[in-house]
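Good morning, and thank you for joining this meeting. I should like to walk through the ligand shell and the empty spaces of one structure.

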Amino acid sequence: MALTGLDIFKLLPKTNCKDCGNPTCLAFAMALAASKTSIENCPHISEEAKETLGGASAPPIKLVKVGKEGYARELGDEVVLFRHDKTFYHPTCFAVEISDTLTGDALTAKVEKVNSLTFERVGELVSIDMIAVRNDSGSPEAFEIAVKAVAEKTCFATVLISEDPAAMEKGLAVIGTSKPLIYAATEANYEKMVDLAKKFDCPLVVKGDGLEATAALVEKVAASYKELVIDTGTRALSQALAEITQIRRLAIKKRFRPLGYPVIAFTASDDPKEEVLEASVYAAKYASIVVLKADEKSQILPLMAQRMNIYTDPQKPSQVEPKVYAIGAATKESPVYVTTNFSLTYYTVEGEISGSKIPSYIIACPTDGTSVLTAWAAGKFNGDKIAEFMKECGIDSVVDHKNIVIPGYVAVIKGALEEKSGWKVMVGPAEASGLPAFAKSYFA
Ligand code: SF4
């Protein structure tokens with residue numbers, strides 16, 4: 001059970017020395033109870049109190065790392081149930097399954113296909129995160145061969161799926177130094193799997209049978225090993241969703257330690273569309289890893305887009321660097337458009353201008369990542385501000401003319417911008433989708 005601010009206060013030195021950055025020990029206690037500070041920030045706390053408070057100050061969901069340096073993924077360490085309460089820190093990882101019944105060219109082709117599941121979206125490169133090698137063959141030797149083939153051809157973090165400790169040991173002997181995720185310790189094998197996890201220093205999934213049995217098994221395993229991920233073993237979507245949500249609530253609201261670990265989920269449907277829906281439900285609430293069979297770009301792209309939306313901090317809109325961007329082989333005669341530096345706005349405009357095939361410049365004005373109308377309403381995208389940034393970004397020396405296109409939604413700023421900048425302002429279409437036709441009419 002979590003300690004309250006008053007419980008914590010009783011264990012502090014109560015000198016109000018302010019060395020922790022808080023005005024009083026009570027303020028520090030309240031901040032610690034709300035996970036807004038760390039116990040390390042009080043240099044005067046006794047070792048005994050530190051030990052007692054250790055549990056209270058530890059994150060409600062343990063941070064677990066999978067994969068080798070440079071390609072590792074972090075799981076867990078979340079502190080809220082809802083993104084608007086603070087933020088979510090570690091995006092759901094997607095792992096694509098590869099069976100060890102595949103061999104030779106078929107296995108190579110499969111790994112290459114999974115490796116290619118990478119996309120560029122709003123200026124970011126996004127991809128799947130892990131490859132899960134499954135010991136479908138039941139043979140430790142076949143598992144070892146498949147793990148080796150995968151390890152040679154991918155840098156993605158790996159999940160090794162086998163409940164047979166002998167097969168797991170073979171797989172770990174190949175890839176153990178790359179910190180794969182071991183799946184899974186069960187009631188039947190957990191002692192051997194814990195030994196392997198300790199030996200290779202790898203995170204371990206504890207797979208139970210329903211929520212209560214899983215919590216009980218996690219307690220047993222956590223007594224000797226704590227780099228854990230949880231699987232309740234449930235595959236029916238609605239039941240699994242209920243259990244994963246309960247795990248998150250119990251971990252965060254009640255500080256229930258046996259469930260304070262990241263969760264792994266598996267899709268079950270054989271229907272390609274349903275499988276994507278399942279994965280999207282788990283990404284929304286609250287799986288840290290989703291293992292899926294889907295390996296088509298058309299299946300993975302929507303999951304990437306959804307994940308980006310869920311894990312974008314609403315308090316920090318995604319932005320592009322405010323500057324002049326050349327689109328295509330732009331010259332001194334190329335047209336100049338102006339928009340805001342909100343990523344979605346910028347890339348929508350950029351996509352349409354690229355589509356027009358007329359090389360151009362885009363000035364992305366600094367509006368703190370807000371869209372055109374929001375920025376205008378907030379006084380960040382008006383004649384004064386745009387003229388100011390036109391000077392700052394040096395557009396005068398980039399082109400030999402003085403014509404600029406503004407978004408149709410802010411036609412009202414035309415006069416002020418002409419007055420402040422000395423440039424001729426053209427009012428473009430309201431929607432970015434109108435830009436190709438607009439460009440062809442005026443600049444082709
Ligand atoms: Fe109290 Fe420790 Fe903060 Fe000093 S540093 S005010 S003793 S909590």
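**Ligand, cavities and pocket**

The shell around the ligand holds 7 nonpolar, 3 polar and 2 charged residues; Ala, Val, Leu, Ile, Met, Phe, Trp, Tyr, Cys and Pro count as nonpolar, Asp, Glu, Lys and Arg as charged, and the others, Gly among them, as polar. This is a predicted model, in which local features need pLDDT of at least 70 and side-chain atom pairs count only at pLDDT 80 or more, while totals for chains, interfaces and linings use all residues. Residues are numbered from 1 along each chain as its sequence is written, and side-chain values use heavy atoms, with hydrogens and water left out.

Among the residues around the ligand (a heavy atom within 4 Å of it) are C17, C20, C25, C42 and H44.

Where does the ligand sit? Its place is the second largest cavity, in that more than half of its atoms lie within 2 Å of the grid points. A cavity, on a 1 Å grid over the protein atoms alone, is a set of points where a 1.4 Å probe fits but cannot get out; a pocket is an open set with protein on both sides within 12 Å along at least five of seven lines; lining residues have an atom within 4 Å of a point.

The second largest cavity has a volume of about 90 Å³, and C17, K18, C20, C25 and C42 are the closest to its centre among 15 lining residues.

The largest cavity has about 120 Å³, with 11 nonpolar, 3 polar and 2 charged lining residues.

Finally, the largest pocket contains about 550 Å³ of space. Of its 26 lining residues, E124, R307, M308, Y311 and T312 lie nearest its centre.

Key. Grid points are joined across faces, edges and corners, and a volume is the space filled by probe spheres set on the points.
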